[in-house]
Amino acid sequence: MTDTVHDLIIIGAGPAGLTAAIYAARYRLNTLVIGPDIGGTVTSAHLIENWPGHKATGMEIMDTFVQHVKDFNVPILTDDVKKIEKQDDLFIVHTGKDIVKGHTVILTMGTKRRKLDIPGEDKFSGKGVSHCATCDAMFFKDKDVAVVGGSDASAMAAQVLSQHAKSIKIIYRKAALRAEPARVKEIDDNPKIECIFNSNVKEIHGDKTLTGVKLDTGQELDIQGLFIEIGGTPITAMAKELGIELSDTNRIKVNADMSTNVEGVFAAGDITTGSNEFNQIVTAASEGAIAALSAFNLTRKKK
């Protein structure tokens, strides 16, 4: 443990965390960013076309975020955070390599996408298997694709894909979609979309890229793209241990200023209940900026 006490410790290095770091630096806060995956899940997107002013791969966009943070001389520690403790007015953050202290904390750990855990899923990730229709739909123009899942996320993915793909099959383990009725009606009315119920994808196969899937019913589908939309798991275990209030969906409950029920702790990005739970770079960055301002205001008040 060092004697340095940071004004702000940002846990997570995706769009929310890195944006918070940029704003915190401009507020002259002594800031440290800690995260195991610099850039977050965005780096796996083949092409992002909805980040204003810059169309590029997820990796390219996040490289600009990282460079921007470095331009402000904010240190980024590539490490896992194991535990956070509050002692009086300080937060003690335990990483795999060190222990650091801070007056305020912004949690931006994001979510971990659920996987099917079936043969071929990892092999064809980025080679036909995707978790983001908004990001990757354009790559499947005039191709046959499938979406796994039955919620609003999967229905929305199918609608996005219908603007590009030749055909879309929704594969769902239950007998009916559980998306909003209006969205289900749009799915039913779209001639490009077909639902395959009471089925699970058992295996993904192909050569250099995905060419098809096998279902547990024995049916085989010849497709070129598989979009896995079965939700994500917010990384909130540490927040819960710290006494932070979570929603029914296991997200951190935040106020308009991104504050939590624990004074000095703010949260931003996919991990929160903010921005109508719309998981996008632009909303994560917005929440990160707001959280940094709130951390600055609290720090100034205390000093």
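Student: With which residue does E277 form a salt bridge, and how far apart are the closest N and O atoms?

Tutor: The term covers a side-chain nitrogen of Lys or Arg within 4 Å of a carboxyl oxygen of Asp or Glu. Here the partner of E277 is R251, and their closest N and O atoms are 3.2 Å apart. E277 sits in the loop between strand 17 (265-267) and helix 7, while R251 is in the loop between helix 6 (237-241) and strand 17, so this pair ties together parts that are 26 residues apart in sequence. Helices (H or I, at least four residues) and strands (E, at least two) are DSSP runs, numbered from the N terminus. Do keep in mind that this is a predicted model, where local features need pLDDT of at least 70, side-chain atom pairs count only at pLDDT 80 or more, and totals for chains, interfaces and linings use all residues. Residues are numbered from 1 along each chain as its sequence is written, and side-chain values use heavy atoms, leaving out hydrogens and water.

Student: Is R251 buried or exposed?

Tutor: Buried means under 20% relative accessible area, exposed means over 50%, and partly exposed lies in between (1.4 Å probe, protein chains only). R251 has 9% relative accessibility and therefore counts as buried, whereas its partner E277 is partly exposed at 32%.

Student: How many salt bridges does a search of the whole structure find?

Tutor: Eight turn up in the whole structure. One of them joins the side chains of K115 and D122, with an N to O distance of 2.6 Å. In that pair, K115 is partly exposed at 37% relative accessibility, and D122 is exposed at 56%. Another links E85 with K83 at 3.7 Å, N to O. E85 is partly exposed, its relative accessible area being 25%, and K83 is partly exposed too, at 40%.

Student: Where does F296 lie, and is F296 buried or exposed?

Tutor: Look in helix 7, which spans residues 281-302. F296 has 18% relative accessibility, so it counts as buried. Its C-alpha atom is 8.5 Å from that of L8, although 288 residues separate the two along the chain.

Student: What about the whole protein: how many helices and strands are there?

Tutor: You can trace seven helices and 17 strands. Along the principal axes, the C-alpha atoms fill a box of roughly 65 × 35 × 35 Å. Of the 303 residues, 50% count as buried; F296 and R251 are examples of buried residues.
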